[in-house]
Structure formats: C-alpha cells, structure tokens
Amino acid sequence: MNPKLLIVFLLTVSMYGQVNTDVYLFDLSMESGNPVLTNPKNISNNEGYDNQPSFLDNNTVLFSSTRADQTDIRRFNIEAGSTSSWISNTPTGSEYSPLKIPRKNAVSAIRLDLDGLQLLYEYDLKTGEPTPIFDKLKVGYHLWYNDSTLISSVLVSDRLDLVMSNVTNGTHRTLQRNIGRSLSKIPNTELLSYVSKSTSPWQIKSLDPNSGVVTHIANIPDKSEDICWLNGTTILTGVGKSLMKFNTENGNEWTSVMQFQQEEINNISRIAVNENRTRLTFVAEESIRKLIDRQVQTFNNRDLLGFVSCYSENVVVQRFPDEMMYTGRQKMTENYDRFYQNTKEAKVEVVNRIQVGNTVIDEEITLVDGRKGHQVAIYEVENGLIKSMRFIFPDRETKDSESVVKSQLEAYNARDIDAFMDTYSDDIQLFEFPKELFQKDRSRMKKSYQDFFESTPNLHCEIKNRIVIGNKVIDEEFVTINQSSLSAVAIYEVENGKIAKVTFIQ
C-alpha cells in the first residue's frame with residue numbers, strides 16, 4: 001500500500017467507520033399497557049450518521065446529524081411544518097448526544113475535536129455559541145438530573161464509569177464502574193436508571209443519587225444497549241427489528257410488543273420519549289441491502305476508501321466455508337489498492353440475491369480486464385457494517401447438482417423418507433453456518449427425519465430463490481410446519497451424484 005494512501009486511510013477511518021443511521025419519530029399512545037406507535041416519519045432522511053435523539057420540548061427533537069463531513073446538532077420542529085434547523089456549526093469537530101439543559105435556553109453536547117479532544121459543551125440556542133462545561137472530564141454520555149447536577153458515563157481507560165458532577169463548583173464523584181451508555185430518569189421518582197456491564201448478562205439498575213442506594217431492576221435482553229421509560233413501571237428497548245417491553249411490577253421476562261417489517265429499520269437503538277409521553281423516537285440502521293449495494297457501487301467506481309468503509313475494522317474474508325484469506329480493514333485496503341493498480345477494468349454485477357436475517361448472499365458476474373467470472377459472496381452484517389465476506393467459486397462444475405437437490409425437495413414434500421435419504425451420501429454432514437457440525441451420522445439423520453415426517457402431516461417446503469454455482473446449490477426456503485412457518489437458506493454440496501454436505505443459515 002502506498003504511503004500517501006495509508007495516511008489518507010488512517011485519517012478517514014473514524015469518519016467512514018460510523019454506521020449509516022436514521023432517526024424515526026412516532027406518535028405514542030398506550031393501550032392495555034402496551035405502546036401503540038402511529039404516524040411514522042423519518043425525520044433525518046439524510047445519508048450518513050444521524051443519531052442520539054432527545055426531546056428539547058414536547059414538540060421538538062434534537063439529534064446529531066452529518067453534514068459536510070462533520071456531525072452537528074440538528075433541531076426538528078414537529079408542529080411547524082416538520083422543519084429543521086442547525087444549532088451548531090463546528091468545522092473543527094463534531095457534536096454528539098445533545099440534551100436540553102434544565103432552566104436554560106441552551107443544550108449540552110459532547111464535542112469531539114479533530115485533534116482528539118473530547119469535552120462536554122453548552123450551546124446557546126439563539127447564537128449556537130459553545131462554552132465548555134468541564135475542561136477535563138471526558139464525558140461519553142450524560143443526563144441532567146437537575147439544573148446543577150449532571151450524571152455522566154465517563155471514559156476511564158477502556159470502560160465507562162458512572163459519575164455525578166456538580167456543575168456549580170466543578171466537583172465529581174464516581175458512583176459505579178463499568179456501565180453502559182443508557183442513562184434515564186425514572187418517571188415519578190427521584191431515581192435514575194443505568195446499565196451495569198459488570199456482570200453477564202448486563203443488568204438494568206436504579207440509583208438514588210442522594211443516598212447511593214442501588215437496586216437491581218432486570219437483566220437487559222441480549223443485543224440490546226438502550227432503554228427508555230414509558231412510565232414509572234414500563235421499560236422499552238430495541239432488539240433487532242423489534243421493540244420489547246418489561247413491566248417492573250409484574251414482569252419476570254421481556255415481551256415483544258412490536259415487530260417492524262420494513263427493510264430500512266434494523267437494529268433499533270437510542271429510544272427516547274417526550275415529557276408528556278405522546279411521542280417516541282428511535283434510531284435504526286440503514287437497510288442491509290442498501291449497505292451491500294453501496295459496497296458494490298464503490299467497488300465498481302474504484303472508490304477504495306468508500307468501499308472499505310462498508311466493512312468492520314476486523315472484517316474476516318474467507319473462501320467458503322472457513323478457508324482464511326485475510327482479516328482486517330487495513331489488510332483489505334492494501335489488497336484492493338494493489339488490485340486496482342494492476343487492473344484497468346473491474347466490475348461486479350449482482351444477478352441474484354438472497355437475504356436471511358443479517359446475511360446477504362449475492363450471485364455475481366465479474367468482469368476483470370475482459371475476463372468474465374462467476375462467484376457467490378456471502379456477507380454477514382453486524383452493527384451496520386459487513387463483518388465477514390465469504391466467496392464461493394465454481395471450482396467443481398457438475399451437471400447433476402440441481403437435479404439431485406430437486407429430487408431431495410420432492411421427497412421431502414412427499415414425506416418419503418427412503419427417497420429423501422437416497423439423495424444423501426453415506427458420509428453426509430450437516431452444518432450450521434459457517435461450519436458448525438451438528439450431524440454426521442446417517443442413521444441418526446434418517447431416524448430424526450422419519451420421526452419429523454410422521455409427526456408433521458402439514459409439511460411443505462417452497463423454494464423462493466435458487467443459486468447454482470459449481471457443485472453447490474443455494475436455496476432460499478420457506479417451510480410450513482403444521483401451523484407455523486420459517487424461512488432459511490440451505491447450501492447443498494453435491495459429490496458423485498449425492499448430497500455430501502448441507503450448511504443451514506437462519
């Protein structure tokens with residue numbers, strides 16, 4: 001990798017490493033203890049990073065929004081024609097986590113300057129002029145307990161600590177160590193809540209800042225980070241495409257209250273409600289397909305930095321299922337830089353696509369300096385970036401792969417166990433993606449499927465999409481099992497006229 005490109009790469013990692021997110025706003029009501037969301041609206045509608053919403057008042061939302069390669073504080077007025085304006089304009093830095101300061105015509109926000117300095121600032125709502133609140137405390141996230149007391153998640157080494165600060169005299173007191181970013185006041189109490197990361201699973205706890213009394217409330221669901229309080233007893237959080245609820249009075253587990261089917265809503269986070277509990281806002285990551293499309297487009301445009309920005313810092317690149325090619329975004333940058341230097345033309349065309357959950361499988365036709373190729377790329381997305389990419393190439397061309405898999409499907413739908421097992425080799429192996437072996441005994445496989453066929457009279461598998469490459473057939477399957485259904489992907493590998501391996505993705 002040439003030295004100039006390396007310098008540019010290192011300077012732009014932080015900018016490109018931010019996940020593309022949008023801020024959504026809903027009207028909120030409660031029915032039988034459950035939240036009901038109506039009138040959905042994307043209030044950021046902006047390419048880039050839009051995040052960390054809060055309510056300035058019942059009719060105004062604040063959030064951090066990207067413009068001109070920086071992040072400033074944006075104000076969205078709900079009732080005044082859904083108009084927006086900017087509070088800050090900081091060419092030498094970016095603002096995050098804006099909050100209304102009690103009893104002041106001002107907001108606070110964490111400012112990260114280009115030189116790495118990170119401080120909490122106050123911004124006048126009329127002029128936008130910034131004033132440091134603390135000159136040394138490295139605040140990550142914050143909450144105004146009252147106009148003179150600030151509760152913060154403060155960066156200490158590799159963790160966040162819960163710190164209570166007196167903004168009048170500038171004193172600080174550490175209350176808890178190793179906490180999360182979610183800080184909330186519990187309605188109708190003098191308590192606040194935070195997420196403790198000292199145990200696994202993480203725990204939601206309440207704290208009385210005056211007495212220091214800490215009380216365990218609930219474990220937070222896996223893959224969740226943020227909560228908000230709908231009232232004094234009801235907590236809401238986001239898990240993937242779902243909103244989940246916990247009732248502190250009678251609940252012993254989280255229950256799903258809403259599932260979003262929209263493609264553009266993924267990994268819901270940063271939930272906030274206004275003071276009178278009539279509006280709710282949250283952040284969602286962009287469509288997974290949009291992310292994959294962007295990495296294809298930037299590859300075709302030879303936009304190296306734009307391309308690698310679609311991948312996580314520790315991205316893993318392999319030949320399916322687990323033959324390592326390389327790891328890391330910097331190594332990827334070096335490899336593709338070298339590739340571009342050695343080619344005049346390189347294009348990828350996606351001719352077929354399968355998606356299941358956070359995994360996208362693309363059938364691609366490549367054209368490199370006049371040479372046409374055929375490949376499949378399997379992308380796993382996590383936290384808005386591609387965490388792994390696995391290639392399948394047509395190494396072993398076979399003529400009977402698809403016909404064998406078709407026979408297997410016909411026998412499955414007919415619940416004909418003998419015909420079904422006849423399509424598999426004697427040493428059949430079944431895997432969970434990417435290569436977790438869970439079955440290699442043919443007799444046990446036959447017994448389990450025979451029991452399954454006999455107990456499932458209403459069984460049917462429909463192929464929604466199919467990719468054939470070399471000796472592999474990749475099927476997107478919709479399976480009806482009595483009164484339920486599920487979607488999955490199966491990768492069949494055919495050898496000597498029999499299915500030798502199957503890898504399932506769910």
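Guide: Two strands are said to pair if DSSP finds at least two bridges between them. The model before you is predicted, and that rule can be tried on one of its sheets.

Visitor: What makes β15 and β16 a pair of strands?

Guide: Two bridges join β15 to β16 (residues 192–196). The rule asks for at least two bridges, so the two strands count as paired. They run antiparallel. Within β16, Leu192 is the bridge partner of Lys185.

Visitor: Why is β15 called an edge strand?

Guide: The open sheet has four strands in the order β15-β16-β17-β18, paired in the antiparallel sense. β15 (184–185) pairs on one side only, as does β18 (214–219), and these two are the edge strands.

Visitor: Where does the charged end of Lys185 sit?

Guide: The charged end of Lys185 sits over the ring of Tyr145, 5.6 Å from the ring centre. The cut-off for that distance is 6 Å, and the value of 5.6 Å meets it. Arg111 offers a second case: its charged end sits over the ring of Tyr121, 4.1 Å from the centre.

Visitor: Why is strand β9 described as largely enclosed?

Guide: Strand β9 (residues 118–124) has seven residues, and five of them are buried, so the rest of the structure largely encloses this strand.

Visitor: Which strand pairs with β9 over seven bridges?

Guide: That strand is β8 (residues 106–113), and the pairing is antiparallel. Opposite Asp124 in β9 stands Ala106. The two strands form a hairpin with four residues between them, and Gly116 in the turn has a positive phi of about 95 degrees.

Visitor: How many bridges connect β9 with β10?

Guide: There are three, again antiparallel, with β10 covering residues 130–132. Tyr121 stands opposite Pro132 in β10. This hairpin has five residues between its strands, and its Gly128 takes a positive phi near 75 degrees.

Visitor: What makes Phe299 and Tyr340 an aromatic pair, and of which kind?

Guide: The whole structure contains 24 aromatic pairs. In this one the ring centres are 5.9 Å apart, with 40 degrees between the planes. Centres must lie within 6.5 Å, and planes neither under 30 nor over 60 degrees apart count as tilted, so the pair is a tilted one. It links distant parts of the chain: Phe299 belongs to helix α2 (residues 288–300) and Tyr340 to helix α4 (residues 329–341), 41 residues apart.

Visitor: Why is the pair of Phe339 and Tyr340 called tilted?

Guide: Its ring centres are 5.9 Å apart and its planes stand at 55 degrees, so this pair is tilted. Ring pairs also link Phe299, Phe307, Tyr311, Tyr336, Phe339 and Tyr340 into a cluster.

Visitor: How do you know whether Tyr340 is buried or exposed?

Guide: Buried means under 20% relative accessible area. Tyr340 has 9%, so Tyr340 counts as buried. Phe339 has 26% and therefore counts as partly exposed.

Visitor: Which residues touch the most other members of the largest nonpolar core?

Guide: They are Tyr311, Met332, Tyr336, Ile386 and Met389, in a core of 25 residues. Elements that each supply at least two residues of this core include α2, α4 and β30 (385–392). The largest share, five residues, comes from α2. Leaving aside neighbours within four places in sequence, the contacts of Met389 include Tyr311, Val316, Met332, Tyr336 and Ile378. In soluble globular proteins, nonpolar side chains tend to be buried together.

Visitor: Why is Gln330 called partly exposed?

Guide: Gln330 has a relative accessible area of 35%. Partly exposed covers what is neither under 20% nor over 50%, so Gln330 falls in that class. Gln330 lies in helix α4. Gln330 and Val308 are 22 residues apart in sequence, with 8.5 Å between their C-alpha atoms.

Visitor: How do you know whether Gln439 is buried or exposed?

Guide: The relative accessible area of Gln439 is 17%, which is why Gln439 is classed as buried. Gln439 is found in strand β32 (residues 436–439).

Visitor: What does the side chain of Gln439 reach?

Guide: The side chain of Gln439 reaches the backbone nitrogen of Asp441 at 3.1 Å. A polar contact requires a distance within 3.5 Å, and 3.1 Å satisfies that cut-off. Not counting residues up to four places away in sequence, Gln439 touches Ile428, Gln429, Leu430, Arg444 and Met445.

Methods
Residues numbered from 1 in each chain as written. Predicted model: local features only at pLDDT ≥ 70, side-chain atom pairs only at ≥ 80, totals over all residues. Heavy atoms only, no water. Phe/Tyr/Trp six-rings, centres within 6.5 Å; stacked < 30°, edge-to-face > 60°. Buried < 20%, exposed > 50% of the residue type's maximum accessible area, 1.4 Å probe, protein only. Lys NZ or Arg CZ within 6 Å of the ring centre and 35° of its normal. Core = buried A, V, L, I, M, F, W, Y, C linked by side-chain atoms within 4.5 Å. Contact = heavy atoms within 4.5 Å. Polar contact = N/O pair within 3.5 Å; in protein donor to acceptor, adjacent residues only side chain to side chain.
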